[in-house]
Amino acid sequence: MRNIIWFKELGIEDVPEVGGKNASLGEMYNDLTPKGIRIPDGFAITSGAYKYFLDKAGLAERMTEALKGLDTKKIANLQARGKKIREMMVATKLPSDLEDEISSAYRKMCEEFGRKNIDVAVRSSATAEDLPGASFAGQQETYLNITGEKALLIAVRKCFASLFTDRAISYREDKGFDHMKTYLSVGVQKMVRSDKASSGVAFTIDTETGFKNAVVVTGSWGLGELVVQGEVIPDEFKVFKPTLKEGYRSIIGRELGTKEITMVYGAKGNVTKTVRTSDNKRAQFILSDDEVVELAKWCVMIEDHYKKPMDIEWAKDGVTGELFIVQARPETVQAGKEEGSIEDYIMHKAAGKLLAKGAAVGSKIAEGKANIIKDVRGIKTFKKGEVLVTKMTDPDWEPIMKIAAAIVTDEGGRTSHAAIVSRELGIPCIVGSGNATKNIRPGQLVTVDCSTGGEGNVWNGKAEWEVKRYKVDMSVRPKTKIMMNIGSPDEAFEASFLPNDGVGLAREEFIIAGHIKVHPMALIEFAKLKDKKAKAEIEKLTRGYKKKTDFYVDKLAEGIGQIAAAFYPKPVILRFSDFKTNEYATLLGGKEFEPEESNPMIGWRGASRYYHPAFEKAFGLECEAVKRVREEFGLKNLVVMVPFCRTVDEGKQVIAKMAEYGLKQGDDGLKVYAMCEIPSNVILADEFLSVFDGFSIGSNDLTQLTVGIDRDSTSLGYIANEKDGAVKKLISQVIKAANAKGKYIGICGQAPSDYEDFATFLVEEGIHSMSLNPDTVIKTTTAIIEKERKLGK
């Protein structure tokens, strides 16, 4: 029996002896450091040493006795037994020969690094930990910046005792693990001086949706415990794996976290301490783009090595400037979900006012009475089915988290403890709300809504919502391509699991209004902006950006990139901005750049803006964003589309202006479509299709301009809709024209989503594709397959 094994002697087959965490570190140290991944050296104190400690001290019998009568549903019962076992383990000295072995290995480590009393991390590694289907992450303790033999031996005993934290006991009971047959190994690893730089967690799968083609990197300044424990809202980066592997710098998402506090080395006996993060550092991203790309490549290499999605901890050394991997374990929540089935939570109507909002974890909706608990000592008051509202959670809260309908926290990000446990439990959670504990009353009935994507909302009262469940079958597909209309990038990863042939309409307006919030000309002409209030808001939104327009291009490119990545390599058709003047005016700074029009619906919109002197520079920013998505992210599946193009000459001017800004039709396969939504597009279809590579029918605008009804009018809707004979005649005519010229013809208007008979009419006419709202895809696809069967297609 070995009590000490060095990382260089370990492999993944050694899990029974050193636990999942240490076995993985050994595996990576041997197989991946030769490939350029940096992993700090160290050694494992084996599970055999743990058993030797229990046997030599006669602890096993006493621990078994203490566990008699355990009932994890009764908090006081659990707490009393856990405390008793931990105290007896910490109070018991390790056998002297084991102490000597640990001290000897530590001294050898000091020699390796050429320094006396080096700083080490002491981490637990349970033998049942980090196995698929069992996520013990965060249940045992980690001790950082441990220096000297005496401090190391104390930390090892504390680690051994942490196998019996309340949350670990509760978890083992739930999963059916035998307490006395789950053993603990301890890893002793050289510290990375991330206290002088940054650290965090990365996943090789999107943890909210299960989308497998993204690496999600999160992190904050200083030591990584604050990120793991959820005490800070970290920065977040999303990197697209398929094009990263081809050599592209595919960072498709960046989110600046608040990072209010930083954990650093302590002094005078305190191994660590937290300090306030300076405003300057809070406004900076913790990693450069080069570092994000390097880290993402390492994550992909680790995933490829283990052949499964991984949960990885990383750290940057502030002294050397180097990145390191300090842990890697299998991701156990999304990776274990059943493929081929979709659960869609749909919010119809909120009953009361918005009480709180924050980052959504998962995509579900739940309701229940709020129980506001500000301290872990209050968890005894919690009842099954209530909504837990608190400042933040840590593993001590797990016994009540598993009986909660939903969880809402004031603090923390998507890698916080509350987020990780909620995903595993499959319950909705909102983190980083800031004020939920103040705004929600004890006992108040609330609805927690995470269904809309990135942002989650807590509503007062019982809302109207439903759950739709689908079985996804991609084996039977219609010949007519079924695409989707996607507005928000936040819904793209989730929607990609529906059976589809790509995106027929990706709208820029959702990205601009929801993520950017600023009129592009207000950024271009920022120095001349007169509105002081708008100017202050823009300064706040663009903090960290020296050039204001870079904020616009970055956010637009990332939003477009996430949609294009979600459906890659299928085509994604992006419509350039199509705000009306009254809509543009609502953006920050917008009123100074928009004329007042009596009928904006047929005013200065679409193509007419792109070459106009008052807007062409703003259109240039859109072109720059598209160029980045295609050339830097490598998403060549992106097609662009020009809306509301009134004349053939206008189309030519837009194509010329695009080329001026670096987007040349045909270069690297770039296709440029136009919306067919004005009768002139149909009447002169041949001429328009000589300029553009295809048409996508906008049935909403085509209807209003054919029958002369303002589509926003509620009083005239009874007269006609898209199924009017004149509209259908125009649609039939343009489909024939496009097919005759061998050009693309699709539809992205609302009609086929609303009317099944309209969808089958389009099939009869020979349309290439239909773009539907995600919630109608399954139903309409089934109808189209049946129609094609009857037509003998």
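This passage walks through a few local features of a predicted model, from a helix pair to an internal cavity and some unusual backbone angles.

The structure is a predicted model, in which local features need pLDDT of at least 70 and side-chain atom pairs count only at pLDDT 80 or more, while totals for chains, interfaces and linings use all residues. Residues are numbered from 1 along each chain as its sequence is written, and side-chain values use heavy atoms, with hydrogens and water left out.

A good place to start is a pair of helices. Helices (H or I, at least four residues) and strands (E, at least two) are DSSP runs numbered from the N terminus. Two packed helices are described by the angle between their axes and the distance between the axes. Helix α1 (residues 15–31) packs with helix α11 (residues 289–306) at an angle of about 105°, and their axes are 12 Å apart. Axes here are lines fitted to C-alpha atoms, for helices over the stretch in contact, and angles run from 0 to 180 degrees between N-to-C directions. The angle therefore makes α1 roughly perpendicular to α11 (angles under 35 degrees count as roughly parallel, over 145 as roughly antiparallel, 65 to 115 as roughly perpendicular and the rest as oblique). On the α1 side the contact (heavy atoms within 4.5 Å) is made by S24, E27, M28 and D31, and on the α11 side by I302, H305 and Y306. These residues divide into 3 nonpolar, 2 polar and 2 charged, where Ala, Val, Leu, Ile, Met, Phe, Trp, Tyr, Cys and Pro count as nonpolar, Asp, Glu, Lys and Arg as charged, and the others, Gly among them, as polar.

Attention now turns to the cavities. On a 1 Å grid over the protein atoms alone, a cavity is a set of points where a 1.4 Å probe fits but cannot get out, and lining residues have an atom within 4 Å of a point. Grid points are joined across faces, edges and corners, and a volume is the space filled by probe spheres set on the points. There are 2 cavities of 30 Å³ or more by this rule, and the largest has a volume of about 190 Å³. Its lining is formed by 19 residues, with R123, S194, G224, A315 and V326 nearest the centre. At least two lining residues come from each of β3 (119–126), β5 (184–190), β6 (198–203), α8 (225–229) and β12 (310–316). By character, the lining divides into 10 nonpolar, 5 polar and 4 charged residues.

One of the residues nearest the cavity centre, S194, sits in the loop between β5 and β6. S194 has a relative accessible area of 4%, so this residue is buried (under 20% relative accessible area, with exposed over 50% and partly exposed in between, using a 1.4 Å probe and protein chains only). Beyond its neighbours within four places in sequence, S194 is in contact with S199, G222, L223, A315, K316 and D317. The loop between β5 and β6 also holds K196, which is partly exposed at 49% relative accessibility. K196 is in contact with G318 and V319, leaving aside neighbours within four places in sequence.

Two further helices show how buried residues are covered. In helix α13 (residues 417–425), the buried residues are H417, A418, A419, V421, S422 and R423. Their cover includes α8, β15 (354–361), α12 (398–401), β18 (406–409) and β19 (429–431). After α13 comes G426, with a positive phi near 75°. Helix α29 (residues 756–765) has F758, A759, T760, F761, L762 and V763 as its buried residues, and these pack against α27 (725–741), β29 (744–747), α28 (751–754), β30 (769–772) and α30 (777–791). Following α29 is G766, whose phi is positive, near 95°.

Finally, some backbone angles deserve a look. Most residues other than glycine have a negative phi, and most peptide bonds are trans. K259, in the loop between β9 (251–255) and β10 (261–265), is not a glycine yet has a positive phi of about 45°; K259 is buried, at 0% relative accessibility. F644 also has a positive phi, near 45°, and lies in the loop between β26 (638–642) and α23 (648–660), where F644 counts as buried at 2% relative accessibility. A cis peptide bond, with omega of about 5°, joins Y568 and P569, and P569 lies in the loop between α19 (548–567) and β25 (572–575).

Technical notes: On a 1 Å grid over the protein atoms alone, a cavity is a set of points where a 1.4 Å probe fits but cannot get out, and a pocket is an open set with protein on both sides within 12 Å along at least five of seven lines; lining residues have an atom within 4 Å of a point.
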